[in-house]
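The following exercises are to be worked through with the sequence and the model at hand. Each task is followed by a solution in steps.

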Amino acid sequence: MDLDGKMPLMVFDDKCYVCIKFAKMVNYLTKGRLRMVGHYTDFGKSIRDNLLGDDALEMFWFINKDTAYGGRAALRPLISAIFNLSGTTTNEIPIQESCDIGCKDSFAVFFRSASLITHSRKISLRNI
């Protein structure tokens, strides 16, 4: 899988209301300099199949040239990227909201927030 020129990027659940709002906030804070990819897009599916594995849908991912960070492990490099990214805007496609009404309640917010705390994974990309 060729990711040259597409790093760093964030992969998020583009069918979850809370995750979409989180991705929009990150996109705003990075001023569009971080590529945003939905789990259910063609590119997101390719990333899941080739790099991330079976549990990829359980968390958001921050991927740079060396490592894929998932869930809790992704918070530190993501915050660092928010403050350190430079360059031009890379996010040509606006983040689409595709969610049913069931994912907008307080239980969904609690469930996704708890998921962020309980899931964490780091994958080295140096050998791929």
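**Exercise 1.** Determine whether Asp49 is buried, partly exposed or exposed, and identify the residue with which Asp49 forms a salt bridge.

*Solution.*
Step 1. In this predicted model, Asp49 has a relative accessibility of 51%. The cut-off for an exposed residue is over 50%, so Asp49 counts as exposed.
Step 2. The salt-bridge partner of Asp49 is Lys45, with the closest N and O atoms 2.8 Å apart. Lys45 has a relative accessibility of 44% and therefore counts as partly exposed.
Step 3. Both residues belong to helix H2 (residues 42–52); because they are 4 residues apart there, about one helical turn separates them.
Step 4. The count of salt bridges comes to 1.

**Exercise 2.** Describe the order of the secondary-structure elements along the chain, and state what share of its residues is buried.

*Solution.*
Step 1. The chain contains 4 helices and 5 strands. Read from the N terminus, these elements follow the order β-α-β-α-β-β-α-α-β.
Step 2. The chain has 128 residues, of which 41% count as buried.
Step 3. Among contacts with a separation of 6 or more, 74% are between residues 24 or more positions apart.
Step 4. The accessible surface comes to about 7700 Å², and carbon and sulfur atoms account for 54% of this area.

**Exercise 3.** Establish which residues of helix H3 are buried and how they are arranged about the helix axis.

*Solution.*
Step 1. H3 spans residues 72–84, and its buried residues are Ala74, Pro77, Leu78, Ala81 and Ile82.
Step 2. Viewed down the axis of H3, these buried residues lie within an arc of 150 degrees, so they line one face of the helix.
Step 3. Arg76, Phe83 and Asn84, on the other side of H3, are exposed.
Step 4. The cover over the buried residues of H3 includes strand E1 (9–12), helix H1 (17–29), strand E3 (61–63) and strand E4 (67–71).
Step 5. Thr67 is located in strand E4. With a relative accessibility of 9%, Thr67 counts as buried. Leaving aside residues up to four places away in sequence, Thr67 touches Phe62, Lys122, Ile123 and Leu125.

**Exercise 4.** Identify the members of the largest nonpolar core that touch the most other members.

*Solution.*
Step 1. This core has 15 residues, and those touching the most other members are Met10, Phe12, Val26, Leu34, Met36, Phe62 and Leu78.
Step 2. E1, H1 and H3 are the elements that give two or more residues to the core. H3 supplies the largest share, 4 residues.
Step 3. A second, separate core has 14 residues, among them Leu9, Ile47, Leu52 and Ile63.
Step 4. In soluble globular proteins, nonpolar side chains tend to be buried together.

**Exercise 5.** Locate the nonpolar surface patch that includes Leu29, then examine the backbone of Lys31.

*Solution.*
Step 1. The patch is formed by Met25, Tyr28 and Leu29, which together have about 340 Å² of accessible area.
Step 2. Leu29 is a residue of helix H1 and is partly exposed, with a relative accessible area of 37%.
Step 3. Lys31 lies in the loop between H1 and strand E2 (35–38). Its relative accessible area is 58%, so Lys31 is exposed.
Step 4. Most residues other than glycine have a negative phi. Lys31, although not a glycine, has a positive phi of about 55 degrees.

How values were computed: Residues are numbered from 1 along each chain as its sequence is written. This is a predicted model: local features need pLDDT of at least 70, side-chain atom pairs count only at pLDDT 80 or more; totals for chains, interfaces and linings use all residues. Side-chain values use heavy atoms; hydrogens and water are left out. Buried means under 20% relative accessible area, exposed over 50%, partly exposed in between (1.4 Å probe, protein chains only). The arc is that of the directions from the helix axis to the C-beta atoms. Contact means heavy atoms within 4.5 Å. A salt bridge is a side-chain nitrogen of Lys or Arg within 4 Å of a carboxyl oxygen of Asp or Glu. Patches are made of residues with over 30% relative accessible area and no salt bridge: like charges are joined within 9 Å, nonpolar side chains (Val, Leu, Ile, Met, Phe, Trp, Tyr) within 5 Å. Accessible areas come from the Shrake-Rupley method with a 1.4 Å probe; for residues, only the protein chains shown count as cover. A nonpolar core is a set of buried Ala, Val, Leu, Ile, Met, Phe, Trp, Tyr and Cys residues joined through side-chain atoms within 4.5 Å.
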